[in-house]
Amino acid sequence: MSEMWINMGPQHPMTHGLWNLRVRLDGELILDVDPEMGYLHRGIEKISEDRHYNEVITLMDRCCYVAGMAWEHLYILGAERALHVTPPERAEYLRVLCDEFQRLGSHLMWYAAFVQDLGLMSPFLYGMRDRDLVLDLFQSYTGARMTYEYMRVGGVRNDLPPGFTQQARKVLDWLTDRFREYDQLCLGSTIFRKRCDGLGVLKGPDAVRNGVTGPMLRAAGVKRDLRKDRPYAAYDRLEFDVALADGADVTARYLVRMEEMRQSVRLLRQVLDWLDGHPGPVVADRLPRWLGAPYAPVGAEGYLLKRQYPKGVGFAAVEEPHGEALAYVVNEGGEHPYRVKFRSPVFANLSAARTYLVGYHVADIPPIMGSVDVCVGEVDR
Amino acid sequence: MGPEDLQRGLASRLGAGLLGVDAFDGTAGRIRFDRSVALELFRAMREELGFGHLSTVAGIDWVDRREVVYVLWSDRALQYVLLSTFLPADDPKVESASGVWPSANWHEREAWEMVDITFDHHPDLRHLLMPDGYAFHPLLRSFKLHEPESLEVKVRHV
């Protein structure tokens with residue numbers, strides 16, 4: 001049979017964003033793939049060179065629109081190292097709170113989108129319903145549901161409102177019960193298992209060589225989680241397990257993400273208990289006025305930075321819901337970063353597409369790409 | 001693993017091509033090297049020091065010269081390490097790392113289109129985020145955001 005290239009995208013339901021998967025086919029069999037990116041490129045790294053340090057936070061929310069908090073945290077860690085600022089302890093716990101709620105929100109969004117790719121409509125609605133509870137919590141203390149602008153160089157913008165921790169615990173209890181239902185709906189379904197078992201296999205050594213990180217790597221049995229290996233914020237003071245599976249296929253990635261959500265709930269309970277018992281400042285003092293949250297005006301004081309902070313380069317790495325995200329922030333002493341570079345985990349996971357797609361059939365592409373959890377905002381930046 | 005261990009592990013193999021190893025916050029160290037020993041260094045990092053994972057390749061434009069920063073991770077040491085090399089602005093070329101770590105492929109494509117750094121022996125050096133034929137390198141300092149770029153895309157025939 002003759003071979004041909006077809007385009008899946010940029011407007012294809014399996015893309016979950018805007019990108020084009022070019023596929024070379026022999027009949028139904030995939031011989032080669034070539035992802036085409038860039039449809040969502042906004043030049044975030046370039047725009048950052050023209051903004052004050054705290055103004056870049058706005059862009060970070062747009063970097064990955066389902067995991068804005070994780071990207072804010074990444075940039076903030078990089079910027080704090082470049083500017084030699086240390087946040088107070090309560091801010092570190094609040095950041096873990098943000099990160100883990102964001103992981104729940106992102107994984108619930110993934111769950112909803114993934115099962116819908118498989119044609120299961122009801123779990124999609126359940127996933128979206130439960131994600132809304134997490135977004136409500138975000139709204140109650142940041143004022144926004146997706147683009148938060150909550151973290152600041154030196155801390156966070158504001159403390160939690162009264163009654164937040166009780167409400168959050170209720171949501172966690174509700175979610176814990178729902179995870180059991182999700183598993184019954186998916187793992188108990190023959191149709192689900194037939195579409196997922198043994199598909200998109202990516203073994204550990206291949207995954208490492210191709211730069212794959214996050215749930216995809218842990219589903220291949222490689223125990224690697226930056227929260228454990230290189231703890232940041234308050235993760236070294238909290239207890240949790242790294243979610244692992246060894247199937248290396250679509251089902252294994254499902255299992256890893258489900259277990260990660262349970263571990264997030266476990267982490268959040270500890271964080272909420274700590275926050276209840278330890279009131280304190282949420283922003284470091286002795287910041288230049290325009291860097292200091294929460295109500296500092298941006299103005300001529302920006303030039304204070306030049307005198308107060310020596311030059312520096314900040315490197316930060318966080319375990320984002322999709323994998324390892326890295327930031328490299330160069331501070332040349334001005335009020336803007338000289339250069340920022342972000343490493344997106346989905347960027348690397350997609351660049352390895354050849355290794356987990358070739359050899360399968362066209363109908364397998366939606367479940368496999370669904371299990372990758374693509375967020376194009378952070379790939380194109 | 002710290003800067004001294006890296007220095008000891010690499011000095012004999014790279015000779016004068018190893019310009020130094022600094023301490024760097026959050027990593028095992030930053031290795032400064034001359035581009036002439038790039039491939040030798042990549043192989044030593046992967047085979048002898050166990051850095052099996054290349055996380056990213058960043059290009060930085062310092063106007064008179066350009067810097068390439070490689071970020072590696074070792075599952076054995078559980079640490080990141082940075083490799084840094086400077087290239088002259090009129091000849092920004094360095095050997096590609098994609099033969100050693102396949103993950104370098106896309107990162108180098110991005111560094112090429114954004115900061116105009118050519119990676120020799122790269123298997124597939126073409127545009128990734130910008131459209132084919134895009135004639136600019138947006139992350140160069142000479143590319144100003146405030147001067148609106150011409151709306152029509154200049155097509156470069158190759």
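His16(A) counts as buried in this predicted model, because 22 C-beta neighbours sit inside 10 Å and the cut-off for burial is 20 or more. The backbone here does something a bit unusual to look at: His16(A) isn't a glycine, yet its phi is positive, at about 50 degrees. As for where this happens, His16(A) belongs to the loop that links strand S1 (3-8) to strand S2 (20-26) of chain A.

Another loop residue of chain A, Tyr39(A), sits between strand S3 (29-36) and H1. Tyr39(A) has 18 other C-beta atoms within 10 Å, so it comes out as partly exposed. Leaving aside residues up to four places away in sequence, Tyr39(A) touches Pro10(A), Leu18(A), Trp19(A) and Asp380(A). Phe240(A) is 201 residues from Tyr39(A) along the chain, and their C-alpha atoms are separated by 38 Å.

Moving on to the helices of chain A, H3(A) covers residues 68-83. Its 16 residues should span 22 Å at 1.5 Å a residue, and the end C-alpha atoms are indeed 22 Å apart, so expectation and model agree. H3(A) is also mostly covered, with 16 of its 16 residues buried. Straight after the helix comes His84(A), whose phi is positive at about 60 degrees.

H3(A) packs on helix H4 (residues 89-117) of chain A, the axes lying 8 Å apart at an angle of about 140 degrees. That angle makes the pair oblique, since roughly antiparallel would need a value over 145. On the H3(A) side the contact is made by Met69(A), Ala70(A) and His73(A), which meet Arg95(A), Cys98(A), Asp99(A) and Gln102(A) of H4(A). Sorted by class, the residues of this contact are three nonpolar, two polar and two charged. The general geometry helps in reading such lists: an α-helix has 3.6 residues a turn, so residues three or four places apart point the same way.

A second helix pair in chain A brings together H11 (residues 250-277) and H15 (residues 365-372), whose axes come within 9 Å and cross at roughly 30 degrees. H11(A) is therefore roughly parallel to H15(A), as angles under 35 degrees are counted that way. The crossing is left-handed. Val250(A), Arg253(A) and Tyr254(A) represent H11(A) in this contact, and they meet Pro367(A), Ile368(A) and Ser371(A) from H15(A). The class tally is four nonpolar, one polar and one charged.

H15(A) itself is mostly covered, with eight of its eight residues buried. The buried set includes Pro367(A), Ile368(A) and Ser371(A), which are the residues that H15(A) brings to the contact with H11(A). Also buried in H15(A) are Ile365(A), Pro366(A), Met369(A), Gly370(A) and Val372(A). Just past the end of H15(A), Asp373(A) has a positive phi of about 65 degrees.

Then there's the interface between the chains, where 29 residues of chain A are in contact with 28 residues of chain B. On the chain A side, the elements giving two or more residues are helix H1 (44-48), helix H8 (204-209), strand S6 (312-320), strand S7 (323-331), strand S8 (339-343) and helix H13 (345-351). S7(A) supplies the largest share, at four residues. By class, the chain A side holds 10 nonpolar, six polar and 13 charged residues.

Chain B has its own helix H1, made up of residues 3-14. Those 12 residues should span 16 Å at 1.5 Å a residue, and the end C-alpha atoms turn out to be 15 Å apart, which agrees. Next along the chain from H1(B) is Gly15(B), with a positive phi near 60 degrees.

Two loops of chain B round things off. Val63(B) lies between strand S3 (53-61) and strand S4 (65-74), and its phi is positive, near 70 degrees, despite the residue being something other than glycine. Only 9 C-beta neighbours fall inside 10 Å of Val63(B), so it counts as exposed. Asp91(B), in the loop between strand S5 (79-88) and strand S6 (93-95), is likewise exposed, with 9 other C-beta atoms within 10 Å. Asp91(B) and Glu48(B) are 43 residues apart in sequence, and from C-alpha to C-alpha the separation is 31 Å.

Methods. Residues are numbered from 1 along each chain as its sequence is written. Chains are lettered from A and ligands numbered from 1 in the order in which they are written. This is a predicted model: local features need pLDDT of at least 70, side-chain atom pairs count only at pLDDT 80 or more; totals for chains, interfaces and linings use all residues. The expected span of a helix is 1.5 Å times one less than its number of residues. Two residues are in contact if their C-beta atoms, placed from the backbone, lie within 7 Å. Ala, Val, Leu, Ile, Met, Phe, Trp, Tyr, Cys and Pro count as nonpolar, Asp, Glu, Lys and Arg as charged, and the others, Gly among them, as polar. Axes are lines fitted to C-alpha atoms, for helices over the stretch in contact, and angles run from 0 to 180 degrees between N-to-C directions. Angles under 35 degrees count as roughly parallel, over 145 as roughly antiparallel, 65 to 115 as roughly perpendicular and the rest as oblique. A crossing is left-handed if the near helix is turned anticlockwise from the far one by less than a right angle, and right-handed if clockwise. A residue is buried if 20 or more other C-beta atoms lie within 10 Å of its own, exposed if 12 or fewer, and partly exposed in between; C-beta atoms are placed from the backbone.
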